[in-house]
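User: Please pick one part of this model and look at it closely. I'd like to follow what surrounds it and what it pairs with.

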Amino acid sequence: MPVQLPLYRHPTMTVVIDDDRSSVAVLDFQLEQSLAKTAFNRARAALHWVSDIFSRVDPGGLQLLGFEDECGEGGTTAESDLERIYHFVGDPQRFSLPTVVVIDYAMPDMDGLEFCEAAADLPCKKIMFTARADASFAVAAFNRGLIHRFIRKQEPDALDQLEAAIDALQNTYFLDQSRSQAGQLDAHEFGFLRDPAAAAMVKGLCDRYGFVEYYLFTNPHGFLFFDAEGAPTLVPMMNAKSLEWHADIAAEEGAPAELLAALRERRVVPFFHTGDGCWSSDLPGDPLKYCKPPQVTRGREAYYWAMFDLPDHYRKREPYSHARFLREHVDRA
C-alpha cells in the first residue's frame with residue numbers, strides 16, 4: 001500500500017501568476033491569510049524565480065532517515081532525531097519553497113501552458129486558474145502531466161476550490177518527497193504511514209490544536225508537531241507489538257511490575273526521556289510519570305498515541321516559527 005502520510009510537512013509558498021492586478025489583489029485578500037503567497041504579473045519572471053529557488057534548495061528538504069546504525073540495531077537516537085529536526089526548523093527558507101503555482105492562462109509574455117511546459121521538470125504543483133471557458137486545452141495539459149488542477153475563475157465556489165486544491169497539492173508534494181525515504185522504514189513498525197486512518201488522525205490533530213508542521217520521530221515512533229509560534233508537541237504512535245517490545249526492554253532493565261503490566265495491557269503510552277526511547281533504571285522518579293493513557297485510532301490495526309510536552313532539555317535551539325515568517329513576509333511585501 002502506498003504512503004498515505006508524508007514523513008514531514010511544513011507550510012510553503014504559493015506562487016500566483018496573473019497579469020490582471022485586480023485578480024491578484026482579490027486572491028491575496030480572500031485566500032486564507034495564513035497561506036504565504038508571492039505574486040507575479042509576468043510569467044517569465046515567475047519562472048526564473050521558481051527555477052532559481054529549486055536550483056539552490058534541495059526540494060526533498062529534510063532528510064530524516066539517515067540512520068546508518070547510529071545507535072546499533074534499530075534506528076536513530078532521540079538526540080539525533082532532534083538535532084536533525086531542530087536544525088531544519090531553525091531555517092526560514094523552508095517556508096519559501098514554492099510547492100504550488102497558481103497561474104492564469106492568458107498572459108502577455110508567456111501563456112500559462114507555456115509556463116507549465118517550461119516548468120515541467122520542477123517538483124512544484126501547478127493549478128490553472130483562468131476565466132477561459134474552453135476546458136479541452138486543460139484536459140490535454142492534465143493528461144500530459146503539465147497541470148494538476150484546472151479551476152474556472154467564474155465558478156461561484158472558485159476560491160473555495162482553489163484553497164482546497166492548494167492544500168491537497170502541498171500534501172501531494174510532501175508525499176512525493178517522502179516515498180523514497182519511506183521505503184527505508186520497517187513496514188510493520190511504521191505501518192501508520194500507509195494507513196488512511198492515521199493520516200486522518202494527524203490532520204485532525206493539526207486542525208484541533210493549530211499545529212502547522214510536523215516531522216517523523218523515530219525513537220519513540222511518532223511525530224513531533226510545531227504550532228504557528230514554534231511550540232513543540234511530541235506524539236508517540238505505537239501498535240500492540242511496539243508496546244510489548246517496550247515492556248520486554250523494561251523487564252530486562254528491572255522495571256517495576258506496575259510499569260510492565262501497564263505496557264503489556266496497553267493502558268499507557270510511554271515517552272521515556274532517554275537517548276534510545278526505552279525505560280532505564282537511571283530515570284528518576286515514578287516510571288509511570290513518563291506515561292499517559294492512550295488515545296486509540298483504529299485503522300488497519302490499532303494505534304495507541306498520546307500528546308507530550310517536549311521537556312526543555314530536549315529543545316536544541318529556538319525554531320524559526322511560521323508566525324514569525326508571515327509577519328516578516330508581510331513586512332517585505
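Analyst: Happy to! Two strands pair if DSSP finds at least two bridges between them, and strands (E, at least two residues) are DSSP runs numbered from the N terminus, as are helices (H or I, at least four). The model is predicted, so local features need pLDDT of at least 70 and side-chain atom pairs 80 or more, while totals for chains, interfaces and linings use all residues. Residues are numbered from 1 along each chain as its sequence is written, and side-chain values use heavy atoms, without hydrogens or water.

Let's follow strand E9, which covers residues 232-238. Seven of its seven residues are buried (under 20% relative accessible area with a 1.4 Å probe, protein chains only; exposed is over 50%, partly exposed in between), so the rest of the structure largely encloses E9. Its side chains split into two sets: Pro-232, Leu-234, Pro-236 and Met-238 point one way, Thr-233, Val-235 and Met-237 the other, and all of them are buried.

Now for the partners of E9. Strand E8 (residues 221-227) pairs with E9 in the antiparallel sense over five bridges, and here Val-235 faces Phe-223. The two strands make a hairpin with four residues between them, and Gly-230 in the turn has a positive phi of about 90 degrees. E9 also runs antiparallel to strand E14 (residues 308-309), joined by two bridges, with Leu-234 opposite Phe-308. Lys-292 lies over the face of that Phe-308 ring, 5.2 Å from its centre (NZ of Lys or CZ of Arg must be within 6 Å of the centre and within 35 degrees of the ring normal). Strand E13 (residues 302-305) is another antiparallel partner of E9, again over two bridges, and Tyr-304 in E13 stands opposite Met-238.

The far end of E9 brings us to an internal space. A search of the whole structure finds one cavity of 30 Å³ or more (1 Å grid points over the protein atoms alone where a 1.4 Å probe fits but cannot get out). The largest cavity has a volume of about 40 Å³, counted as the space filled by probe spheres on points joined across faces, edges and corners. Residues with an atom within 4 Å of a point form the lining. Met-237 and Met-238 belong to it, together with His-188, Glu-189, Gly-191, Phe-192, Asn-239, Ser-242, Glu-301 and Tyr-303. Met-237 and Met-238 point opposite ways from E9, yet both line this cavity.

Key. On a 1 Å grid over the protein atoms alone, a cavity is a set of points where a 1.4 Å probe fits but cannot get out, and a pocket is an open set with protein on both sides within 12 Å along at least five of seven lines; lining residues have an atom within 4 Å of a point.
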